[in-house]
Amino acid sequence: MSHTNAVRMQSTESASWRALCSRRDLVANSGVVAWVDGEQVALFHLPDTETGEQVFAIANKDPKSGANVIGRGILGQLKGDLVIASPLYKQHFRLADGTCLEYPEQRLRVWPVRLNGDAVEIAAA
(Lines give C-alpha, C1' and ligand atoms only; values in the text may rest on other atoms or scores of the structure.)
Protein backbone atom coordinates (compact mmCIF):
# COMPACT_ATOMS: atom_id res chain seq x y z
CA MET A 1 0.00 0.00 0.00
CA SER A 2 1.27 3.48 -0.85
CA HIS A 3 1.25 6.26 1.77
CA THR A 4 1.91 9.91 0.93
CA ASN A 5 1.59 12.84 3.30
CA ALA A 6 -1.84 14.38 2.71
CA VAL A 7 -0.45 17.91 2.87
CA ARG A 8 1.76 17.21 -0.14
CA MET A 9 -0.69 15.06 -2.10
CA GLN A 10 -2.06 17.91 -4.24
CA SER A 11 1.35 19.07 -5.45
CA THR A 12 2.53 15.56 -6.37
CA GLU A 13 -0.26 14.37 -8.65
CA SER A 14 1.92 14.73 -11.76
CA ALA A 15 5.25 14.14 -9.99
CA SER A 16 7.82 11.73 -11.33
CA TRP A 17 8.63 9.30 -8.52
CA ARG A 18 11.95 7.49 -8.11
CA ALA A 19 13.14 4.91 -5.58
CA LEU A 20 15.41 6.37 -2.90
CA CYS A 21 15.86 3.48 -0.46
CA SER A 22 14.07 0.54 1.10
CA ARG A 23 11.58 0.67 3.95
CA ARG A 24 14.11 -1.46 5.89
CA ASP A 25 16.54 1.49 5.74
CA LEU A 26 14.16 3.68 7.77
CA VAL A 27 14.14 3.80 11.56
CA ALA A 28 10.71 4.22 13.15
CA ASN A 29 10.24 7.57 14.93
CA SER A 30 13.75 8.68 14.02
CA GLY A 31 15.72 10.15 11.16
CA VAL A 32 18.06 8.71 8.56
CA VAL A 33 19.88 10.72 5.92
CA ALA A 34 20.03 10.09 2.18
CA TRP A 35 21.87 11.84 -0.65
CA VAL A 36 19.53 13.31 -3.30
CA ASP A 37 20.85 15.27 -6.27
CA GLY A 38 23.84 16.61 -4.34
CA GLU A 39 21.92 17.46 -1.17
CA GLN A 40 21.48 15.66 2.15
CA VAL A 41 17.84 14.81 2.87
CA ALA A 42 16.62 13.69 6.30
CA LEU A 43 13.91 11.01 6.14
CA PHE A 44 11.55 10.56 9.08
CA HIS A 45 9.30 7.50 9.37
CA LEU A 46 6.31 7.83 11.69
CA PRO A 47 4.47 4.50 11.65
CA ASP A 48 1.76 5.35 14.19
CA THR A 49 0.37 8.88 13.73
CA GLU A 50 -3.28 9.85 14.13
CA THR A 51 -3.63 9.84 10.34
CA GLY A 52 -1.73 6.57 9.88
CA GLU A 53 1.78 5.78 8.72
CA GLN A 54 3.70 8.76 7.33
CA VAL A 55 7.13 9.48 5.93
CA PHE A 56 8.70 12.93 5.53
CA ALA A 57 11.72 14.20 3.59
CA ILE A 58 13.27 17.49 4.74
CA ALA A 59 16.63 19.20 4.22
CA ASN A 60 19.30 17.96 6.62
CA LYS A 61 21.16 21.31 6.78
CA ASP A 62 20.32 23.50 9.79
CA PRO A 63 19.90 27.05 8.42
CA LYS A 64 21.19 28.70 11.60
CA SER A 65 24.42 26.72 12.06
CA GLY A 66 24.98 25.43 8.53
CA ALA A 67 25.62 21.95 9.95
CA ASN A 68 24.02 18.83 8.46
CA VAL A 69 22.28 17.66 11.64
CA ILE A 70 18.49 17.80 11.20
CA GLY A 71 18.33 14.00 10.75
CA ARG A 72 19.61 13.68 14.34
CA GLY A 73 16.91 15.96 15.75
CA ILE A 74 14.10 15.02 18.09
CA LEU A 75 10.62 14.43 16.68
CA GLY A 76 7.67 15.94 18.48
CA GLN A 77 4.40 17.76 18.19
CA LEU A 78 3.89 21.49 18.88
CA LYS A 79 0.71 23.49 18.35
CA GLY A 80 -0.81 20.50 16.55
CA ASP A 81 2.08 20.20 14.07
CA LEU A 82 4.56 17.35 13.70
CA VAL A 83 8.00 18.93 14.11
CA ILE A 84 11.69 18.15 14.20
CA ALA A 85 13.84 20.02 16.75
CA SER A 86 17.30 20.91 15.52
CA PRO A 87 19.86 19.27 17.82
CA LEU A 88 22.04 22.41 17.92
CA TYR A 89 19.84 25.46 18.55
CA LYS A 90 16.60 23.56 19.30
CA GLN A 91 14.44 25.50 16.85
CA HIS A 92 11.42 23.50 15.62
CA PHE A 93 10.62 22.90 11.95
CA ARG A 94 7.25 21.63 10.72
CA LEU A 95 7.76 18.36 8.88
CA ALA A 96 4.92 19.13 6.47
CA ASP A 97 6.31 22.37 5.03
CA GLY A 98 9.72 23.06 6.61
CA THR A 99 8.62 26.27 8.36
CA CYS A 100 10.42 27.17 11.59
CA LEU A 101 8.00 27.88 14.45
CA GLU A 102 10.34 30.19 16.38
CA TYR A 103 11.98 31.99 13.43
CA PRO A 104 9.62 32.20 10.42
CA GLU A 105 12.45 33.52 8.24
CA GLN A 106 14.15 30.12 8.61
CA ARG A 107 12.79 27.35 6.42
CA LEU A 108 13.92 23.89 5.37
CA ARG A 109 13.23 22.49 1.93
CA VAL A 110 10.82 19.56 1.84
CA TRP A 111 10.38 16.89 -0.81
CA PRO A 112 7.29 14.86 -1.63
CA VAL A 113 8.00 11.33 -0.42
CA ARG A 114 5.96 8.15 -0.12
CA LEU A 115 6.09 4.50 0.77
CA ASN A 116 5.29 2.30 -2.20
CA GLY A 117 5.34 -1.27 -1.02
CA ASP A 118 8.86 -1.86 0.24
CA ALA A 119 10.30 1.17 -1.56
CA VAL A 120 10.70 4.71 -0.25
CA GLU A 121 10.11 6.99 -3.23
CA ILE A 122 10.86 10.68 -3.62
CA ALA A 123 9.40 12.99 -6.25
CA ALA A 124 11.93 14.21 -8.78
CA ALA A 125 12.39 17.96 -9.01
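## Strand pairing and the open sheet

Two strands count as paired if DSSP finds at least two bridges between them. In this predicted model, strand β7, residues 81-85, meets that condition with β8, the two being antiparallel and joined over three bridges. One bridge links Val83 to Arg94 in β8.

These two strands belong to an open sheet of three strands, ordered β6-β7-β8 and paired in the antiparallel sense. The edge positions are taken by β6 (74-78) and β8 (92-94); each has a single partner strand, so one side of each has no neighbour in the sheet. Neighbouring strands of the sheet are turned against each other by 40° on average, with direction ignored. Strands of a sheet pair through backbone hydrogen bonds, in either a parallel or an antiparallel arrangement.

## Overall make-up

The protein has one helix and 11 strands. Read from the N terminus, the order of elements is β-α-β-β-β-β-β-β-β-β-β-β, which places the helix between β1 and β2.

Of the 125 residues, 42% count as buried. Among contacts in the protein with a separation of 6 or more, 45% are between residues 24 or more positions apart.

## Salt bridges

Seven salt bridges are found in a search of the whole structure. One of them joins Arg18 and Asp37, with the closest N and O atoms 3.0 Å apart. Arg18 lies in β2 (residues 17-22) and Asp37 in the loop between β3 (31-36) and β4 (39-49), so the pair ties together parts that are 19 residues apart in sequence. Arg18 is partly exposed, at 33% relative accessible area, whereas Asp37 is exposed, at 60%.

A second salt bridge involves Arg94, the residue that is the bridge partner of Val83. The side chain of Arg94 meets that of Asp97 at 3.2 Å, N to O. Both residues are partly exposed: Asp97 has a relative accessibility of 25%, and Arg94 has a relative accessible area of 22%. Salt bridges with shared partners join Asp81, Arg94 and Asp97 into one network.

Arg114 and Glu121 also form a salt bridge, their closest N and O atoms being 2.7 Å apart. Arg114 and Glu121 are both buried.

## His45 and its surroundings

His45 is located in strand β4. Its relative accessibility is 9%, and His45 therefore counts as buried, the cut-off being under 20%. The side chains of His45 and Glu53 are joined by a polar contact of 2.7 Å.

With neighbours within four places in sequence left aside, His45 is in contact with Arg23, Leu26, Val27, Ala28, Asn29, Ser30, Glu53, Gln54 and Leu115.

## The nonpolar core

In soluble globular proteins, nonpolar side chains tend to be buried together. The largest nonpolar core here has 26 residues, and Leu26, Leu43 and Ile58 touch the most other members. Two or more residues of this core come from each of β3, β4, β5 (52-59), β10 (113-116) and β11 (119-123).

Apart from neighbours within four places in sequence, the contacts of Leu43 include Leu20, Cys21, Leu26, Ser30, Gly31 and Val32. Ala34, Phe56, Ala57 and Val113 are also in contact with Leu43. Leu26 thus appears among the contacts of His45 and among those of Leu43.

Methods
Residues are numbered from 1 along each chain as its sequence is written. This is a predicted model: local features need pLDDT of at least 70, side-chain atom pairs count only at pLDDT 80 or more; totals for chains, interfaces and linings use all residues. Side-chain values use heavy atoms; hydrogens and water are left out. Helices (H or I, at least four residues) and strands (E, at least two) are DSSP runs, numbered from the N terminus. Axes are lines fitted to C-alpha atoms, for helices over the stretch in contact, and angles run from 0 to 180 degrees between N-to-C directions. A salt bridge is a side-chain nitrogen of Lys or Arg within 4 Å of a carboxyl oxygen of Asp or Glu. Buried means under 20% relative accessible area, exposed over 50%, partly exposed in between (1.4 Å probe, protein chains only). A polar contact is a pair of N or O atoms within 3.5 Å; within protein, one must be able to donate a hydrogen and the other to accept it, and residues adjacent in sequence count only if both atoms are side-chain atoms. Contact means heavy atoms within 4.5 Å. A nonpolar core is a set of buried Ala, Val, Leu, Ile, Met, Phe, Trp, Tyr and Cys residues joined through side-chain atoms within 4.5 Å.
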